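Visitor: I would like to take a close look at one part of this model, namely the charged side chains and the partners they meet. Please take me through them with some care.

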Amino acid sequence: MPGENASDAGDDGPDGDGPDADERDGPDPRVRPGRTADADRIRELQSHLRQPSPDLLEYGLAVGAARVSVAEGRVVGYLLPVDAPNRPGVHVAELVVAPGFRREGRARGLLRAAIADADGPVTLQAHPENDAALALYESLGFEVVERRPDAYADGDALVLRRG
């Protein structure tokens with residue numbers, strides 16, 4: 001199911017709570033649209049997700065929907081938004097930052113880019129025990145709007161919405 005992985009940016013603690021995360025204005029200069037050349041690295045990062053969706057990722061790469069966070073020229077995180085043609089807004093289907101680059105504001109930067117690009121509300125799904133990711137999402141104005149029983153192999157999921 002799309003969106004089951006948005007919380008995996010913070011399974012080991014989200015990266016968005018660094019000291020400068022709230023002080024930075026404007027878009028994160030480390031975030032850019034994903035490119036065809038990034039595909040192999042994005043696929044590697046997908047292995048960090050709770051329930052990866054390779055088919056959804058391939059579609060997102062084909063249509064150019066992915067956003068990436070870059071460190072020293074290498075992709076270290078990505079966000080995969082999906083939209084529905086019959087309603088405004090976007091759903092964050094996948095969001096992950098490599099463990100060595102967490103707590104640097106990268107998930108926050110990726111989410112801010114998705115929010116800025118969205119033409120309506122932004123939704124995502126997170127594990128209810130992922131306190132660090134939930135704190136990041138709440139700091140960006142997301143609110144829990146639904147609980148999905150047994151959405152994950154190890155339990156429920158929370159659906160969050162902003163806008």
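Visitor: To begin with one residue, is Arg 147 buried, partly exposed or exposed?

Guide: In this predicted model, Arg 147 is partly exposed, with a relative accessible area of 48%, a value that stays below the 50% over which a residue would count as exposed. The side chain of Arg 147 meets that of Asp 156 in a salt bridge, with 2.8 Å from N to O. Another such pair is formed by Glu 146 and Arg 148, whose side chains meet in a salt bridge at 3.5 Å, again taken from N to O. Both members of that pair are partly exposed, Glu 146 having a relative accessible area of 37% and Arg 148 one of 24%.

A further salt bridge joins Arg 50 to Asp 154, and here the closest N and O atoms are 2.9 Å apart. This pair links distant parts of the chain, since Arg 50 lies in the loop between helix H1 (39-46) and helix H2 (54-63), whereas Asp 154 lies in the loop between strand S6 (143-152) and strand S7 (155-162), 104 residues apart. Arg 50 is partly exposed as well, its relative accessible area being 28%.

Beyond these pairs, Asp 40, Arg 43 and Glu 58 are linked with one another in a network of salt bridges. For the wider setting, a search of the whole structure finds ten salt bridges, among them the one between Arg 50 and Asp 154.

Methods. Residues numbered from 1 in each chain as written. Predicted model: local features only at pLDDT ≥ 70, side-chain atom pairs only at ≥ 80, totals over all residues. Heavy atoms only, no water. Salt bridge = Lys/Arg side-chain N within 4 Å of Asp/Glu carboxyl O. Helix = DSSP H or I, 4+ residues; strand = E, 2+ residues; numbered from the N terminus. Buried < 20%, exposed > 50% of the residue type's maximum accessible area, 1.4 Å probe, protein only.
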